[in-house]
Every structure is written in C-alpha cells, then in structure tokens.
Amino acid sequence: MPYTHIKIEADGPVASLIFNRPEVLNAFNNDAMGECMAALKELASDERVRAILVRGEGRAFSAGFDMKASANRDMSTIDRVQAQMELQFDFIMSFWDCPKPTIALVHGFCMAGAFEVALACDITIAAEGTRFGEPEVRFGTGIVAMLLPWQVLPKHAKEMLLTGNDKMDAARAHAIGIVNHVVPEGELIGFGRTMARDIA
C-alpha cells in the first residue's frame, strides 16, 4: 500500500522500513505511527521477507514523538490522554512483537520514543556520532514502554531514566549493551544489509 510518512524498500529477502519525515528529524506523529504498524503487519505476512531493516531518512534516525503535533491535539480528558499513550505504546511494541528479525540502523539522533523503537528491535547498529537519550522525564512526562531495564544492567537503566540523559554517545551505548555495533556513518546501511542477508 502507498505510504506518506514512511518508505518501504525491498532487496530480495530483506525489506527496509524507512522513517520519512526528515524535515522534522523523522518525529513520529499519529499518521506515521499508524503507517509503521500497518507496514510491519504487511511485512510480517509477506513470506518473501525474512529480515527487516529499520532506519531514518536524512540527518537522524528519529527525534522521537512529534511534540508539536501533540501540542495541537485535544488532550483535555483522561480518555484522550490514555488513547494517545496506548497508540504510542502499541507503536513501540509492534517492533518488539514483529515475528521477522528487525535491525535498527541508527544515526544522528535516536531520542525518546525512537530510542525505545531501537531498543524494541532485535539488533541495533549505530553510526559513530549518534546521540541517544530518554529526555522525557525532564519535561514532566514518563517513558511510554519501559524497555531499557530489560536491555541493560539496572544501575545503567536507572541512571539514564532518572536523569533524563540525552547526550549518550554511540561508544557509551555500545559499552553498556544498548547497541551491538558502532560503525562509520558511511558504512551503516551496508553493514546492516550484510547482517540482514546473513540472517535471511
């Protein structure tokens, strides 16, 4: 099906799901989240697809949830807030629950909800210079899907989640187990494709 906020590319048994809102650092609005969930279902049911690369167009993997879009949404009742949080949770967990192996190729910025998407993927490969973070707590909100404590040692998770650190570099993310490999940015897609073909 045609998509507006993402792109799907096929390379034999490897598919790429590409966040395609580079003008806002691929921030996730409701339409983008809906398209991602629909695309993952489509790819999961396609027997030709055996591995999925997840990446972002332009300067970043993603800056996370689109705060400008959220500011313009009617969140005047508990029901509306709950519905929005459930959409965000379901979006993140659609990567976690995907029956096909997923490899996140992150570069630039990988923040907040996007950081959780990268955690939800089976494997994460980072370009040198990538910045990671969970800054939500510094803005009075919480983590939508509490995946970090499942990925790293408790003290690392607590430090990141309690401080709202948004300046973790790729080397530190690799050292504590958030990413599998760190590669030069120009090699990121090629490295990911090679791994995806091996998996496929």
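## The three-stranded sheet

Two strands are taken to pair if DSSP finds at least two bridges between them, and on this basis three strands of the predicted model form an open sheet in the order E5-E7-E8, with mixed pairing. At the edges stand strand E5 (109-111) and strand E8 (168-169), and because each has a single partner strand, one side of each is left without a neighbour in the sheet.

E5 and strand E7 (residues 131-133) run parallel and are joined by three bridges, with Cys-110 having Phe-132 in E7 as its bridge partner. Helix H4 (residues 113-120) packs on this sheet, where it touches E5 and E7, and its direction makes about 90° with that of E5.

## The six-stranded sheet

A second open sheet is built from six strands in the order E1-E2-E3-E4-E6-E9, and here too the pairing is mixed. Its edge strands are strand E1 (6-11) and strand E9 (181-183), each of which pairs on one side only. On average, and with direction ignored, neighbouring strands of this sheet are turned by 20° against each other.

Strands of a sheet pair through backbone hydrogen bonds, in either a parallel or an antiparallel sense. Within the six-stranded sheet, the parallel sense is found for strand E2 (residues 14-19) and E3, which pair over six bridges, for E3 and E4, which are joined by four bridges, for strand E4 (residues 102-106) and E6, likewise joined by four bridges, and for strand E6 (residues 123-127) and E9, which are joined by three bridges.

## Strand E3 and its neighbours

Strand E3 (residues 51-56) is largely enclosed by the rest of the structure, because six of its six residues are buried. In a regular strand the side chains alternate between the two faces of the sheet. Both faces of E3 are covered, since Ala-51, Leu-53 and Arg-55 on one side are buried, as are Ile-52, Val-54 and Gly-56 on the other.

Arg-55 can be followed across two pairings: in E3 it is the bridge partner of Ile-18, while its bridge partner in E4 is Leu-105. The chain passes from E2 through helix H1 (residues 30-45) to E3, and this β-α-β crossover is right-handed.

## Strand E6 between E4 and E9

E6 is also mostly covered, with five of its five residues buried. The buried residues are Ile-123, Ile-125 and Ala-127 on one side and Thr-124 and Ala-126 on the other, leaving both faces of the strand covered.

Towards E4, Ile-123 in E6 stands opposite Ile-103. Towards E9, the bridge partner of Ile-125 is His-181, and that of Ala-127 is Val-183, so that these two pairs fall among the bridges of a parallel pairing, given that two strands pair if DSSP finds at least two bridges between them.

## Positive phi in the loop between E2 and H1

Most residues other than glycine have a negative phi. In the loop between E2 and H1, Leu-25 departs from this pattern with a positive phi of about 50°, although it is not a glycine.

Asn-26, placed in the loop between E2 and H1 as well, has a phi near 60°, again a positive value in a residue other than glycine. Asn-26 has a relative accessible area of 1%, and because buried means under 20% relative accessible area, this residue counts as buried.

Notes: Residues numbered from 1 in each chain as written. Predicted model: local features only at pLDDT ≥ 70, side-chain atom pairs only at ≥ 80, totals over all residues. Heavy atoms only, no water. Axes fitted to C-alpha atoms, helices over the stretch in contact; angles between N-to-C directions. Contact = heavy atoms within 4.5 Å. Buried < 20%, exposed > 50% of the residue type's maximum accessible area, 1.4 Å probe, protein only. Right-handed = clockwise from strand over helix to strand, strands pointing away.
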